[in-house]
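Here are my notes on this model, point by point. Please read them with the structure open.

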Amino acid sequence: DPEIRAIVLTGAGRAFSAGYDMGSEDSPMRDFVWPYGVAPGESVAEHIDMWHTNDADGVKKLLHMWELPIPVIGAINGWCMGGASWYATATHMTYASENAVFAQPEVRHISNTSFFWVLNAGYKNALRYSLTGDHIDAAALRIGIVNEVVPHDDLIDHCFKIVERIALVSPETVKINLAVATMGLEMMGLANALKLNGELSALAHSSSR
């Protein structure tokens, strides 16, 4: 739709998102049989292949958003957990409410991190939260996870003010300049890093013990 000049992505409640629904019937996080950590009747090969397919699809979804020709602005209005933090860090610009809390607690429960954390926060800061699952609040601004922290009640209006600023620029120019950043990073290796992220994530999910 050529009338859409930018997207504001936010949560419909007190959280941006709690992350992937690991309790649904379709979730690959199901009952495991020990000591091998696979589901009943499932071979190790099937288990690893299932995670490989699942995690590769997750990377494709993040890249789809990343490669959109219009800017995606994350409005992080509260809790931003697990996979939701990956979506937040994959948005082109990210603004956080003063109530926002980011974390990847799933790493404590046999799961992976996202290279988008490294891209935004830098190697050392990303590892601080990717290896522990610890929470980080509005201090996310200090390490580069967000562009700005704003009062909670002003968050959406603030993001749409950014949209209005973007809309003053020719849409073709916006599209090209967005591509300068996103495609430039991909040429430097971001796409390959994310694809490897998917491959290694399957191994992380299969490392139950």
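**Notes on the predicted model**

1. Start with strand 3. Val72, Gly74 and Ile76 point one way from this strand, Ile73 and Ala75 point the other way, and all are buried. The model is a predicted one, so treat these notes as a reading of a prediction.

2. Is strand 3 enclosed or open? Of its 5 residues, 5 are buried, so strand 3 is largely enclosed by the rest of the structure.

3. Next, the neighbours of strand 3. Strand 1 (residues 7-10) pairs with strand 3 in the parallel sense, over 4 bridges. Within that pairing, Val72 in strand 3 is the bridge partner of Ile7. Strand 5 (residues 93-97) also runs parallel to strand 3, and 4 bridges join the two. Here Ile76 has Ala96 of strand 5 as its bridge partner.

4. Now the packing. The largest nonpolar core holds 28 residues. Ile76, Cys80, Phe102, Phe116, Trp117, Ile136 and Ile145 have the most contacts inside this core. Elements that give two or more residues to this core include strand 3 (72-76), helix 2 (83-90), helix 3 (115-121) and helix 4 (123-130). Helix 5 (140-143) and helix 8 are also among them. Helix 1 gives the most, with 5 residues.

5. There is a second, separate core of 11 residues. Its members include Ala6, Ala75, Tyr95 and Cys159. Compare the two cores at strand 3: Ile76 is in the largest core, while Ala75 is in the second. Those two side chains point opposite ways from the strand.

6. On the cysteines: how many disulfides does the model have? The count comes to 0. The closest cysteine sulfur to that of Cys80 belongs to Cys159, and at 13 Å it is too far for a bond. Cys159 is in no disulfide either; its nearest cysteine sulfur is that of Cys80. Cys80 has 0% relative accessibility, so it counts as buried. Cys159 also counts as buried, because its relative accessibility is 0%.

7. Last, the surface. Val44, Ile48, Leu196, Leu200 and Leu203 form a nonpolar patch there, with about 440 Å² of accessible area together. Helix 1 (44-66) and helix 8 (190-205) each give two or more residues to the patch. Helix 8 supplies the largest share, 3 residues.

8. One patch residue in detail: Ile48 lies in helix 1. Its relative accessibility is 32%, so Ile48 counts as partly exposed. Helix 1 thus deserves a look from both sides: it contributes to the surface patch and to the largest core.

How values were computed:
Residues numbered from 1 in each chain as written. Predicted model: local features only at pLDDT ≥ 70, side-chain atom pairs only at ≥ 80, totals over all residues. Heavy atoms only, no water. Patch = residues over 30% accessible without salt bridge, like charges linked within 9 Å, V, L, I, M, F, W, Y side chains within 5 Å. Areas by Shrake-Rupley, 256 points an atom, 1.4 Å probe, with all protein chains shown as cover. Salt bridge = Lys/Arg side-chain N within 4 Å of Asp/Glu carboxyl O. Buried < 20%, exposed > 50% of the residue type's maximum accessible area, 1.4 Å probe, protein only. Core = buried A, V, L, I, M, F, W, Y, C linked by side-chain atoms within 4.5 Å. Pairing = 2+ DSSP bridges. Disulfide = S-S within 2.5 Å.
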